[in-house]
Each structure stands twice: as structure tokens, then as C-alpha cells.
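Please find below a short note for a colleague who has not seen this structure before. The points can be read in order alongside the sequence and the coordinates.

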Amino acid sequence: MMRSGLSGSGPGWLDKVKARDLKGSLSKLTGYLAHDKLALIFVLVFAVGSTAANIVGPKMLGEATTLLFKGALAQMGGEGSIDFERIGQLVGFTLGLYLLSALLAYVQSWIMTDVATHITYRFRREISEKINRLPLRYFDGASHGEVLSRITNDVDTVNQTLSQSLTQIVVSAVSVIGVLIMMLSINGLMTLLALLTVPLFMVSGLLIIRQSQTFFKQQQDYLGQVNGQVEEMYGGHVVVQAFNAEAKSKRIFETANKKLYEANWRAQTFSGLMMPIMTFISNLGYVIVVVVGGWLALQKTISVGDILAFIQYVRSFSQPITQLANISNILQQTAAAAERVFEFLEEAEESPETTAPVTLEEVTGRVEFKAVHFGYRPEKIIIQDFGAHVQPGQKIAIVGPTGAGKTTIVKLLMRFYDVNDGAILVDGHDLRDFTRHGLRHMFGMVLQDTWLFNGTIMENIRYGRPDATDEEVFAAARAAHADHFIHTLPDGYHMVLNEETSNISQGQKQLLTIARAILADPRILILDEATSSVDTRTEILIQRAMDHLMKNRTSFVIAHRLSTIRNADLILMVREGNIVEQGRHEALLARGGHYAELYNSQFAQADLVG
Amino acid sequence: MMRLAKYTRPYLGWILLAILLLFAQVNFDLAVPDYLSRMINIGIQQGAGTAYILQTGGSMLGLTLLSVLCTVAVVAVSSRVAAGMARDMRSDIFDKVSSFSNAEFDRFSTASLITRSTNDITQVQLVTMMLIRIVFYAPLMGLGGILHLLGKDVSILWLIAGAVVFSIGFVVVVILVTTPKFRKIQTLIDRLNLVARESLSGLFVIRAFNRQACEEKRFDAVNRDLSAVNLFVNRVTMSMMPVMTLVMNGLGVLIVWVGARQVAAGTLQVGDIMAAVQYAAQIVMAFLMLSTIIVILPRASVSAGRIADVLETQPVVQAAPTAGPFAEPFQAIIEFDQVSFRYPQAEDDALHGISFKALPGQTTALIGPTGAGKSTLINLLLRFYDVTSGTIRVNGADIRLVTPQALRAQIGYVPQKGILFAGTVESNLRFADDHLDEAALRASIETAQAAEFVLAQPEGLTLPVAPGGNNLSGGQKQRLSIARALVRKPPVYIFDDSFSALDLNTDAALRRALKPETKGSTLILVSQRVSAIQPAEQILVLDEGRIVGQGTHAELMKTNALYQEIAQSQLSQAAAV
């Protein structure tokens with residue numbers, strides 16, 4: 001029912017959305033509904049019943065009115081009286097019909113909302129579970145916003161259709177047929193005249209829609225401009241204020257704002273014409289029917305009560321017609337939305353786990369790379385024939401220019417991607433022989449891209465080991481030198497990181513992620529440029545803590561700073577994805593190759609200071 | 001919603017017009033059944049004949065036309081009023097947010113402020129339109145219907161009045177019941193979005209820590225809650241249709257029944273009954289239309305509240321009423337005098353008793369670990385926050401006694417992350433001042449080492465900059481930010497770790513070029529690289545919010561342990577001073 005996050009700037013029926021495979025998506029959706037087959041059958045029956053009861057009502061009332069009219073005439077002419085008994089019967093019966101109709105409609109909508117809500121819940125849950133089964137490769141290509149849109153907007157659209165439109169369509173279809181039958185039973189000529197309004201509806205509707213769309217497009221464009229302005233100015237408010245550019249930014253904004261205003265009211269007025277014009281056409285039909293009906297009543301072809309009934313039928317004719325006319329649009333929208341949801345749910349998942357996984361009692365942390373070949377895309381192999389032996393407890397530094405492929409090795413170690421060729425072994429076992437769960441349990445990771453969530457600092461650190469005690473969390477925070485700054489924050493450890501986790505600085509975030517990794521206490525450590533946004537002084541302290549942590553633990557450190565890797569047991573120099581040099585610091589310097597070049601350029605820096 | 005009522009003030013005349021038009025429309029609509037009843041009573045019952053029927057038909061057509069014209073006018077008026085109000089609100093909220101200090105941005109969050117200035121206003125606009133078009137119509141219709149019947153039969157009047165009262169009551173109850181639930185739904189949807197977004201952005205970490213099940217549980221909890229509330233709300237709102245339809249139909253039946261008695265008594269004619277049934281239908285239909293607004297009203301109410309919250313906030317940093325410009329001549333002497341600062345609602349001070357003086361022609365550098373307070377200090381100097389105790393003086397004047405504009409006009413600020421705006425390189429450089437001449441722009445680009453990607457390109461200064469500067473690399477953005485600060489040749493420069501995205505060669509060349517340009521100005525430099533701050537006349541070492549060392553590089557290397565550690569970790573042993 002609620003549109004989440006959409007600006008609601010245009011009525012739904014103006015959105016021109018087309019599904020790629022209308023039949024396919026709809027049939028899949030139907031398949032999904034099959035789960036609640038029984039409920040849906042009830043809904044259908046009740047909807048039809050309710051509509052039918054509603055339709056018969058006016059005819060009955062019309063008869064009662066006719067009786068009244070005849071009786072009144074007779075009474076005036078002194079020939080008889082009003083047959084109250086019969087009228088009473090008819091009235092009671094009609095009332096009963098209406099009550100039944102309302103009851104059926106109520107129960108039907110009760111069941112329908114149940115079904116729709118449940119299906120929506122299922123869709124959302126399946127999407128959230130799917131996210132965790134998709135290979136990382138998928139997310140290289142798809143933006144987060146896109147995926148989110150499926151969870152919210154697309155599922156919402158389907159929900160709305162199911163809970164409202166589905167029954168509306170059935171009711172409308174039955175109404176139209178039923179009303180037509182009833183109208184015909186009263187008088188053919190009047191029915192024909194009433195039907196004349198239908199093509200008028202269609203034509204005027206189409207014309208209005210077409211013109212409105214031009215206006216709406218304009219509106220959307222200006223809305224985008226205004227939104228863009230707002231985003232930029234708010235996001236850069238520090239600079240705007242520092243440069244006293246408030247007036248300038250306001251000027252730019254006002255121009256867009258005014259244009260939006262113009263486009264806005266035009267679009268809203270034009271689309272608002274739909275209702276009155278439809279009403280007019282409908283009233284036109286009403287007047288024609290009344291006049292012809294009156295004339296026919298004079299001829300005694302129909303009775304006075306028939307006029308009343310017919311009027312009510314004509315009044316209730318226009319709405320179902322417009323709704324039916326809208327069907328194709330609704331179906332397209334729903335199919336398109338359902339399509340996106342199904343598309344996502346049918347994406348290829350990560351390669352299945354091995355059926356006979358290895359579990360190690362004691363992980364020593366010996367890692368071996370054997371002729372590893374890898375590329376994110378098959379045409380571009382980045383890592384070519386890489387081999388290395390890492391003894392337990394050794395510190396491996398991976399260095400190289402940006403984009404050289406350093407993080408790729410990490411991703412391979414963690415099996416976020418699988419190697420194209422060759423193998424990576426831990427304690428002599430191929431990575432693929434472990435379950436991903438088991439494998440990742442052995443590693444601890446601190447990334448450059450700090451990820452924290454909307455929870456307390458305590459919860460965030462505890463993410464590393466959910467069963468850790470408070471004391472252990474505090475100890476980990478102290479070891480990461482995060483303890484002090486946590487105390488300067490409001491509520492300390494119980495401070496809730498906000499939605500964008502922007503209420504602490506980048507450096508502080510790094511410290512928290514390090515604390516998290518320290519708490520996890522893993523066998524093999526991966527530090528991905530962890531300390532680059534932490535200043536060198538803190539880095540030293542963390543390094544000391546890490547050294548302590550790294551004792552008897554194998555660690556892979558990816559760093560820009562040569563100072564941190566001087567103590568490494570093995571340095572892997574990466575260029576364009578390939579490991580071009582391996583060795584210890586002094587040896588590599590002596591070789592005078594890529595590593596030496598990198599190190600010297602950093603070192604030469606000190607002399608440039610004037 | 002009431003908090004925004006003042007925005008209707010300029011449009012009260014139009015709104016009144018709309019109400020009058022609606023009332024006219026109501027009367028036209030209600031007059032049509034009158035002619036129907038006349039047609040029945042006179043045309044048929046009394047046998048006035050075809051001519052009379054045609055005549056009444058013509059009148060009805062005329063009335064319908066008039067009614068539609070009124071509606072169209074109301075549509076136009078309501079659109080204009082709503083769009084106008086939206087424009088006014090957008091303008092005001094933009095002004096307000098532009099005046100916000102960092103404290104307010106922290107409190108609301110930038111993303112939330114953006115939503116409040118865009119989506120929320122659209123919601124309020126929609127509701128305003130519907131209020132005028134639909135919400136006013138229903139009670140007017142009820143009123144009109146009752147007035148119409150006053151002259152006629154009393155018992156039918158009671159029936160209809162009863163139905164009207166019931167309808168109003170029912171609608172009100174539904175609104176009262178569902179409004180808080182809609183608010184809850186909105187919160188839950190936000191939360192659902194948040195959890196989903198986190199799952200996506202934290203894919204690595206979640207999988208690395210094997211927390212998939214945990215994430216799914218988190219999501220499921222919100223999903224369940226949302227579904228439960230949705231179910232309740234949908235059930236309630238769906239019930240409106242059958243109930244109102246029953247009222248409408250039932251009313252028609254009852255009117256015939258009650259009216260029959262009157263006909264027998266001779267006080268009423270059949271045509272009147274038929275007209276009354278029509279009235280009933282029209283009136284109840286009007287109330288049924290109200291139900292369409294129920295879905296939107298709570299959401300709009302929440303939006304209105306959010307907008308009002310922003311509009312009613314006074315920024316903590318404001319120009320004092322007596323504030324004025326700096327005294328002439330301006331001397332760029334910056335003094336921190338026992339400055340302490342605590343972030344709102346923090347447990348501890350972020351800065352304790354900071355005291356130092358920065359003189360023109362000199363570089364004052366700040367160095368220290370993360371969280372030491374370097375950026376906080378800068379924010380205070382720029383008056384993005386106000387000090388909690390102590391004084392900051394510039395040109396001898398407490399900066400709180402000078403307008404923020406006057407203060408910032410003297411400062412060229414280069415933030416840590418290069419922030420640029422959509423436009424061209426030229427528009428970005430002219431950000432502070434439109435009247436700078438082109439030569440000055442070019443010179444500053446050269447100094448900032450940005451010539452190679454600006455002036456060397458065919459577009460030169462007209463090189464386009466995408467929103468947020470996204471078409472440029474981090475290093476390019478930083479260089480342009482530096483050029484932007486240089487261009488005005490301010491007496492004070494603040495470089496907040498502004499060279500971090502530059503590779504070492506460019507960094508060195510840049511600082512060489514900067515020296516002659518910034519001679520005579522007071523330079524405040526924040527950096528992590530000892531090599532960058534080495535030549536500074538005054539280095540302040542900050543740790544945990546306090547100055548723990550003050551002096552030149554040589555002095556500090558001899559006396560300050562923290563400084564020694566930092567320096568030694570960066571310079572290789574062979575070159576250690």
C-alpha cells in the first residue's frame with residue numbers, strides 16, 4: 001500500500017512500463033500464487049458473489065419504486081392503494097442482498113490481504129537469502145541501488161497489484177457483464193445509448209494521458225535538477241560556507257525551483273483533468289438515459305422504477321470500465337516488477353560446496369600458491385602463474401602500485417572468487433576442499449573499506465566473535481587503541497553508529513574494524529591496507545599489537561607504506577596483477593628491480609623537503 | 001501538518017475561491033436530481049409530455065456542464081496552490097539548511113536533510129492538492145445535501161443526516177486507527193532498506209565472518225514486523241469500501257421504504273424519493289472518495305513533521321546581532337586562548353586547553369594521531385562549531401563577535417577530501433568570487449599543479465566538472481580545491497591534509513610552487529607526513545585533544561618522544577635527522 005522512497009509525482013497509470021516477457025512473468029507469478037490456491041478460489045467466489053448481489057439490488061429497488069408509483073397513482077385516482085406488503089418484501093429482500101454483498105466483500109478482502117501480505121513476505125525473504133548465495137561476481141556488475149529497488153519497489157508493486165488490483169479486475173469484469181445484462185433486461189435502446197459513452201471515455205482518456213506524459217517528463221527533468229542541486233549543496237555545505245557561497249548556491253537553486261514550479265502545476269492540472277472529463281462524459285450518458293427513459297416511461301414501454309434502476313446502473317458502469325481499460329497497464333507494470341524479482345531469484349549461485357569437506361583440528365597456517373591463474377573476466381587474466389610457499393606464522397607483505405591486483409590475492413584466499421587454474425592450499429588442502437564457512441573461519445580480515453553497521457560500538461566489535469564477553473571486547477578495543485576515542489563519544493561503547501556510520505571518523509572506523517579482527521582471534525590474518533587512513537603514530541601502536549597477535553599466526557599484509565613491511569618475512573611485489581618479485585626487503589633492494597624502484601622513490605621524498 | 005499551515009497564507013484567497021467553486025459544484029450536482037424528480041412528478045405522473053422531458057433534460061445537461069467547469073477550475077487552482085506552496089517550502093528549507101552549522105548536519109544527517117528537502121515536500125504537495133480537491137468536497141456535499149432537503153421531507157433528512165454522521169465517524173475512526181500504524185510502516189520500511197543496504201555494502205565482511213545467517217535473521221525480523229503491520233493496515237483500509245457501499249445502498253433502500261409512507265400520506269411524491277436516493281448516492285460517494293486520501297494522509301503528516309523540524313531548528317552557530325566586520329587593517333594573527341571543545345552530548349572534551357598563536361608569513365603545522373583533534377580545531381577556527389570554553393581570536397577580535405561571513409572571507413580553506421560542484425573548472429574556481437579575472441584563475445591552476453589536466457586540454461578552463469566532481473580523480477579534485485583557495489589570495493590558508501591523494505613527486509612540486517604564493521599569509525597545515533610539515537615555523541603536536549609538543553622540527557626531534565616516533569617511522573634510517 002505504501003510506496004517506499006518514490007516521489008509519487010505522477011499517478012500510477014501514467015507510468016509507461018513494459019515487461020520483457022509478459023506471459024512468462026505472469027505465469028511465474030501465477031505459479032507462486034498456486035501455493036494459496038484454495039484461498040484464492042474462495043476469494044474469487046466471494047468476489048463474484050458479492051458483485052452479483054450488488055448488481056441485482058437496483059433492479060429490486062426499481063421494482064419497489066414502480067409498485068410505489070403505481071400505488072400512488074392508483075391512490076390519487078381513488079382506485080386502490082399502495083401495496084406496502086409487497087414493497088416491504090422487496091425492500092427487505094434488497095437490504096438482505098446488500099448485506100450479503102457487503103459481508104462477502106469484507107471476507108473476500110480479508111482473505112486477499114492475507115494472501116498478498118504473505119506472498120510479499122516470501123518474496124522479500126527469498127531475495128535476502130539469495131543475496132548471500134550469489135557469487136561476488138554478480139555484484140561486480142550490478143549496483144546496490146538496483147538490488148535494493150527489487151526488494152522494495154518491485155515487491156511493493158507486486159503487493160499492491162495482488163492486494164488491490166487482482167480483485168478489482170475480477171469485480172470490474174463481473175460488474176460490467178452483470179450491469180450490461182441488467183440494463184439489457186430493462187431496455188435495449190437505453191443500453192445502446194449508455195454504451196455510446198464507452199468509446200468517448202477511451203478516446204478522451206488516451207488523449208489526456210498522452211499530453212500529460214509530456215508534462216510529466218518535463219516535471220521529472222526539473223525535479224531531477226532540483227534534487228541534484230540539493231544533493232550537491234548539502235553534501236558540500238562545508239565548502240559552500242567556507243567560501244561564503246551561500247548566496248550563489250541559492251541563486252542556482254531558485255532558478256531550478258521556479259522552473260520546477262511551472263512544470264509541476266502544469267502537469268498536475270492536466271492530469272487532474274482526467275476525473276472531471278470522465279465525470280462529464282458519464283453524466284452526459286446519465287442525462288441521455290434519463291431523457292430517453294422518461295420518454296419511454298411516458299410510452300409505458302418501461303416503468304418509472306426502471307428509470308431509477310437504470311440510472312443506478314449507468315452510474316456504476318463507468319468505474320469498472322475505466323478500471324478494465326487500465327488492465328493492460330496494470331498487468332504490464334506488475335509483470336515488469338515480478339520479472340525483475342524472478343530474474344534476481346534465478347541468478348546463478350556460487351559453485352556448490354564440496355560434498356566431503358575437510359575439517360582441520362589444528363590449523364597451522366601453512367599456505368601454498370601453486371601455479372595460480374586468475375582473471376575477473378575470462379578475457380583478462382590478471383594473475384599469471386603465481387607460486388609461493390608461506391610457512392606458518394610468517395608475515396607476508398604484498399606491495400605494488402594502486403590497482404596492481406593486491407586485493408585480488410586476498411579475495412582468492414577467502415574464496416570470494418575461485419582461481420581459473422592452479423590451486424591455493426592451506427595446510428596442504430586445496431581451498432575448495434573446505435566449506436566456505438569453514439575456510440573463512442580460519443581467516444581474520446581487516447579491509448580498507450571499513451564496514452560497520454547501524455548498531456552500538458559494542459555490537460560492531462562483537463561481530464568478530466558473537467560469544468565474546470564484554471571484557472574481551474574491551475581488551476580488543478584497547479589493543480586496537482580504540483578505547484580512548486570510544487570514551488570521548490556520547491554513550492561510549494553503547495553509542496549507536498548512525499545509518500551512514502558517519503558519526504565517527506574514517507580513522508576511528510579503521511580502529512574499530514581492527515578491534516573486531518583482534519577479537520575474532522583467527523589463525524590467518526589478512527590486513528588489506530588497513531592502516532593507510534590511520535596516521536603513522538597509531539599505526540605503530542597497532543603494529544605492536546598486531547605483532548603480538550601475529551605471533552604464530554600467518555599474516556598477509558597489503559600496504560602502501562614500505563615502513564610497515566620492512567619486517568616482513570616475505571615480500572610479494574605485484575605489478576599488473578602479477579607477482580613479479582619475491583623475497584626479503586634487503587635482498588629485493590639489492591636486486592635493483594621494481595621493488596627497489598618503488599622503495600627509492602618513497603625514500604627520495606625526504607630529500608625534497610626544502 | 002499544522003506546523004506548516006503558515007505556507008497557506010499567501011494562497012488563502014485562492015483556497016477560498018476553490019471552496020466557493022466546490023460549493024457551487026455541489027449545488028449544481030445536487031440540482032440535477034431535482035430536475036429528475038420534476039421530470040417524474042410532472043412529466044410522467046402528471047403527464048406533461050415529451051417536450052417537458054426534453055426541457056428538463058436540457059437543464060440537467062446545462063447543470064452538468066457548469067459542474068464540470070467548476071471542477072476544472074478547482075483542479076487548476078488546487079494544482080497551482082499546492083505547487084506554489086511546495087516551491088515556497090523548498091526555498092525556505094534550502095535557506096535554512098544553508099545556514100546550518102556542522103552540529104545540525106550531524107543531528108539530522110545529510111541524507112535525511114536531502115530527503116526532507118525533496119521527497120517529503122512532494123508528499124505534502126500531493127496531500128494539499130487532495131485536501132482541496134477531495135477533502136473539502138465531502139463535507140460540503142454533506143452540508144449541501146442536508147440544506148437541499150431542509151425544505152422537503154424531514155424523515156428522509158434525518159436518514160441522510162444519520163448516514164452522513166455515521167460516514168464521518170467511520171472515516172475518522174479509520175484515520176485515527178491507521179495513522180500511527182502508517183507511521184510505523186514508514187519507519188519499518190526505512191529500517192528494511194537500511195538492513196538490506198548494509199548487507200550489500202558489507203558483503204565481504206559478512207562472508208568473511210560467516211555471518212550470513214545472522215544477517216538473514218536481522219532482515220527477517222524487520223520483514224515480519226513490516227508484514228504484520230501491513231496486514232493490519234490493509235485489512236482496515238480495505239474494509240472501508242464494503243462498509244461505505246453498504247451504507248450507500250442501504251440508505252437508498254431505507255429512503256424508498258420511509259418515503260413510501262410519506263407518499264401514501266400524500267406529503268411526498270415518487271419523483272422526490274428518486275431524487276433523494278440520488279442525493280444519498282452522491283453524498284456517500286463523496287465520503288467514499290475520502291478513503292483514497294487515508295493512505296496518503298499519515299505519510300504526508302510524517303513528512304510535514306520532518307520538514308517542520310528542520311524549519312524550526314536554529315543553528316547553534318549564528319551571527320550575533322551585534323556582529324560586524326573585522327577592524328581595519330586586517331592582520332592575520334590567529335590566537336587560540338585556552339580553547340576547550342566538547343561535541344554535543346559527548347562524554348569527554350575533544351579538545352582541552354588549546355593555546356597557541358599563528359602569525360602571518362609563517363606556517364603553523366598540526367600533526368598527531370587519529371582522533372587527536374586536528375580537524376576539530378580547524379572546524380572551530382572556521383566556526384563550523386563554537387568553542388565550549390576559551391576564545392579564538394583573529395585579528396585580535398573574538399571570532400564570535402565578527403560575522404561568520406567576514407571570518408570566512410579571510411580564509412582559504414582546502415578540505416581533506418576535494419569537494420567540487422557541477423559546472424566547469426572555471427565556475428568552481430570562481431566559487432567564492434565571480435569577479436576574478438582569468439589570469440588569476442590560470443595562475444592558481446599552474447601553482448596547484450593542475451595545469452596538466454586543465455590548461456593542457458582543449459577545453460581549458462571550461463573543462464566540465466560532473467556533480468560531486470566525479471569525473472575527476474581524487475588527486476585532481478584536491479589540486480582544483482587548492483587552486484580554488486589560492487585564487488583569492490586570502491590572508492589565511494587552511495590545508496587540512498590536502499595533499500594526501502597526491503603522489504610524492506606532485507606533492508613536492510606543489511609545495512615548492514605554493515611557497516612564493518602564500519608568503520605573507522598565515523598558513524595552517526594539517527598533515528600526516530612529517531616531510532610536509534618539516535619546514536614549518538611552528539609545529540603543534542596533538543594527542544588526545546591536547547598539545548603535547550610545540551616547536552620547530554629540529555627542536556621537537558630533540559625533545560618530543562611522540563614526534564620522534566612519528567618521524568622515525570616515516571623517514572628511512574639512513575636519512576634520520
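1. A salt bridge joins the two chains where the side chains of A:Glu350 and B:Arg207 meet, with N to O at 3.1 Å. The model is a predicted one, and this distance is computed from it. Between chain A and chain B the count is 5 salt bridges. Polar contacts between chain A and chain B come to 28 residue pairs, both residues being at pLDDT 80 or more.

2. On the side of chain A that touches chain B, helix α3 (residues 84-131) of chain A gives the most, with 22 residues. Sorted by class, that side of chain A has 77 nonpolar, 52 polar and 26 charged residues.

3. How many residues does the contact take from each chain? Chain A supplies 155 residues and chain B supplies 164 residues. Together the two chains bury about 14,700 Å² between them, and 66% of this area is on carbon and sulfur atoms.

4. Over all chains, the count comes to 39 salt bridges. One within chain A is formed by A:Asp154 and A:Arg340, whose closest N and O atoms are 2.7 Å apart. This pair links distant parts of the chain, 186 residues apart: A:Asp154 is in helix α5 (residues 144-186) and A:Arg340 is in helix α12 (residues 327-345), both of chain A. Side chains of opposite charge can pair when their charged atoms come close.

5. Where is there a nonpolar patch on the surface? A:Ile41, A:Leu44, A:Val45 and A:Val48 make one of about 330 Å². Of these residues, A:Val45 lies in helix α2 (residues 37-76) of chain A.

6. Two backbone details deserve a look. Most residues other than glycine have a negative phi, and most peptide bonds are trans. The peptide bond from B:Glu328 to B:Pro329 is cis, with omega near -15°. B:Pro329 sits in the loop of chain B between α11 (296-311) and β1 (334-341). In chain A, A:Asp427 has a positive phi, near 50°, although this residue is not glycine. The loop that holds A:Asp427 runs between β4 (421-426) and β5 (429-430) of chain A.

Terms used:
Residues numbered from 1 in each chain as written. Chains lettered and ligands numbered in written order. Predicted model: local features only at pLDDT ≥ 70, side-chain atom pairs only at ≥ 80, totals over all residues. Heavy atoms only, no water. Patch = residues over 30% accessible without salt bridge, like charges linked within 9 Å, V, L, I, M, F, W, Y side chains within 5 Å. Areas by Shrake-Rupley, 256 points an atom, 1.4 Å probe, with all protein chains shown as cover. Salt bridge = Lys/Arg side-chain N within 4 Å of Asp/Glu carboxyl O. Helix = DSSP H or I, 4+ residues; strand = E, 2+ residues; numbered from the N terminus. Contact = heavy atoms within 4.5 Å. Buried area = accessible area lost by both parts, 1.4 Å probe. Polar contact = N/O pair within 3.5 Å; in protein donor to acceptor, adjacent residues only side chain to side chain. Nonpolar A, V, L, I, M, F, W, Y, C, P; charged D, E, K, R; others polar.
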